[in-house]
Amino acid sequence: MTAIAATPPIQPPLLGKSRAELVEWVQQQGQPAYRGKQLHEWIYAKGVRSLATISVFPKQWRAALETVEVGRSHLHYRAVAPDGTIKYLLRLSDGHMIETVGIPTDKRLTVCVSSQVGCPMACTFCATGKGGFLRNLATHEILDQVLTVQSDFGQRVTNIVFMGMGEPLLNDQAVLAAVRSINQDIGIGQRCITISTVGIPGRIRRWAEHQLQATLAVSLHASNQSIREQLVPSARQYPLPMLLEECREYVQITGRRVTFEYILLAELNDLPTHADELAHHLRGFQSHVNLIPYNPIQEMDYQRPTPKRVETFVQRLQAAGIAVSVRQTRGLEADAACGQLRAAIAPRIDSKNSENR
Ligand code: SAH
C-alpha cells in the first residue's frame, strides 16, 4: 500500500500578514474591518496560538476559524544556561526541529533566530553545518521564534540577530518579509535587527537595494583567501577581494557601515600578523570588527585563544585605527552560543541546568 502524503493546509498561516492584510482577510470572511485590527493585536501582541481562543470574536465565527492556522510552532525542549540564556528547540508543522536562543541582558532581550533548517554552507567550526541542510524557513516560522521567546520571558524582545541556524541570504525573500513584520507588526526597530551572512555572490548587493536600517554583519573569519578557504568552503567560489568589493558597494548604496565578524581560533587566525593583514584590508572602510572567540563543538578540536591573545589581537587592530569589539559569550553551557546550534532530534536532558516543559 502506498502512503498518502499529508495534505498541506489550504490557507497559508496568518502570521506574517500586515495589519492591512489582516483587515482585508477578515473582510473577505464577511466581518467588519475592526476585527482585522483585533486579530493583529491577538496574533502579534498577545501571541495567540489558535484563533478559536480569541474571546473578543463572536462564538460562531470562532468555530469557523478553528481550521485556520496562525502558524505557531511547538516548544519541544528548553535549556537554561547559568547566565540566563535560554535555548529552545522548536518543532515545525512538518516535524523538523530548529533552535532559537533568548539572550537577556540588563536592559535588553535579544533573540537569535534561525533562517533555515540546517545550513548548506558547512563552515568547519560550526555545529549547524555538520547536519547538512534540510530546507528554508517560511516567514511565519521565523516570526514564531520571536513570539515564543517573548512569551516565555514575559518581556518585550528588544533586539533580533539572524545568527541562529542557516544562511539568511540564501533565504532572503522570507527573511526580508520577516524583517518587515518584526519591525511593523511586532514593533522592534530596524536598527535593533542584525542579519549575519557568510557572503553569497551578488546577494549582499541585492540586499543593499532594500535600503533597510538593519545592520549587516559579514562573517569574514580570515585575513586572507587561503585561511578563509580552509574555514569556509564556499569561499572557494567567492574570493576575498570580491566579497570585500561587494561590501564596499553595500556601504555606498546604504550609507551604513558593515560589521565584520571574525572567529578567533588559536594559532590558526589569531596571530598579530593576521590582525595586521586584516587591518590592511579594512583601512578606510566604513566598518567595525566583531571578534568571536571560538565556542567549542564536539566534532572539531579547534582551540579558543586565551583572553590575553584576544586582547593582543584587539590592540593590534586598534593601533591600526580599526573599530573593534569582542563578542561576549552567552549560553555556552546550554550549547546555545554562536555556532553551537543544531537540529538535534534527541536533545540532552541530563544536564542539571536543563528544564523540560
Ligand atoms: N550563516 C550566517 C549566520 C551564522 S551564525 C553567517 O555565516 O554569518 C553567526 C556567527 O557565529 C557567524 O559569524 C558564524 O560564523 C559564527 N560561528 C559559527 N560557529 C561558531 C563557533 N563554533 N564559535 C564561534 N562562532 C561561531
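Trainee: Where does F162 sit in this predicted model?

Mentor: In this predicted model, F162 belongs to strand β7.

Trainee: Why is F162 called buried?

Mentor: Put the value next to the cut-off. Buried means under 20% relative accessible area. F162 has 2% relative accessibility, so F162 counts as buried.

Trainee: Which residues does F162 touch, leaving out those up to four places away in sequence?

Mentor: Quite a list! F162 touches V113, S115, I142, P168, V175, A178, V179, I182, I193, T194, I195 and S196. There's also a C-alpha distance to look at: F162 and C112 are 50 residues apart along the chain, yet their C-alpha atoms are separated by 5.9 Å.

Trainee: Now H280. Why does H280 count as exposed?

Mentor: Same kind of check. Exposed means over 50% relative accessible area. H280 comes out at 55%, so H280 counts as exposed. You'll find H280 in helix α10, which covers residues 272–282. From H280 to N269 is 11 residues in sequence, and 15 Å in space from C-alpha to C-alpha.

Trainee: And A122, why is that one called partly exposed?

Mentor: Partly exposed is what lies between the 20% and 50% cut-offs. A122 has a relative accessible area of 37%, so A122 is partly exposed. A122 lies in the loop between β5 (116–118) and α4. Its backbone deserves a look too: A122 has a positive phi of about 55° although it is not a glycine.

Trainee: What about Q211: where does Q211 lie, and what is its phi near?

Mentor: Q211 is in the loop between α7 (203–208) and β9. Phi of Q211 is near 50°, a positive value in a residue other than glycine. With a relative accessible area of 45%, Q211 is partly exposed.

Trainee: On to E246. How do you know that E246 has no salt bridge?

Mentor: Check the distance. A salt bridge needs a side-chain nitrogen of Lys or Arg within 4 Å of a carboxyl oxygen of Asp or Glu. For E246, the nearest side chain of opposite charge is R205, 4.1 Å away. That doesn't meet the cut-off, so E246 has no salt bridge. E246 is buried all the same.

Trainee: Which helix holds E246, and what does E246 touch, not counting residues up to four places away in sequence?

Mentor: E246 is in helix α9, residues 240–254. E246 touches I200, P201, G202, R203, I204, R205 and Y238. Contact means heavy atoms within 4.5 Å, so R205 can be a contact of E246 without a salt bridge.

Trainee: Let's turn to empty space. What makes something a cavity and not a pocket?

Mentor: In a cavity, a probe fits but cannot get out, whereas a pocket is open. The structure holds one cavity of 30 Å³ or more. About 490 Å³ of space lies in the largest cavity. Its lining has 32 residues, and F125, C126, S219, H221 and G339 lie nearest the centre. Two or more lining residues come from each of α4 (127–130), β8, β10 and β11.

Trainee: How do the residues lining the largest cavity divide?

Mentor: Into 18 nonpolar, 11 polar and three charged.

Trainee: And what is the volume of the largest pocket?

Mentor: About 920 Å³. Of the 34 residues that line the largest pocket, R108, T110, V161, M163 and R327 are the closest to its centre. The lining of this pocket divides into 15 nonpolar, 13 polar and six charged residues.

Key:
Residues are numbered from 1 along each chain as its sequence is written. This is a predicted model: local features need pLDDT of at least 70, side-chain atom pairs count only at pLDDT 80 or more; totals for chains, interfaces and linings use all residues. Side-chain values use heavy atoms; hydrogens and water are left out. Buried means under 20% relative accessible area, exposed over 50%, partly exposed in between (1.4 Å probe, protein chains only). Lys and Arg count as positive and Asp and Glu as negative; His and the chain ends are not counted. On a 1 Å grid over the protein atoms alone, a cavity is a set of points where a 1.4 Å probe fits but cannot get out, and a pocket is an open set with protein on both sides within 12 Å along at least five of seven lines; lining residues have an atom within 4 Å of a point. Grid points are joined across faces, edges and corners, and a volume is the space filled by probe spheres set on the points. Ala, Val, Leu, Ile, Met, Phe, Trp, Tyr, Cys and Pro count as nonpolar, Asp, Glu, Lys and Arg as charged, and the others, Gly among them, as polar.
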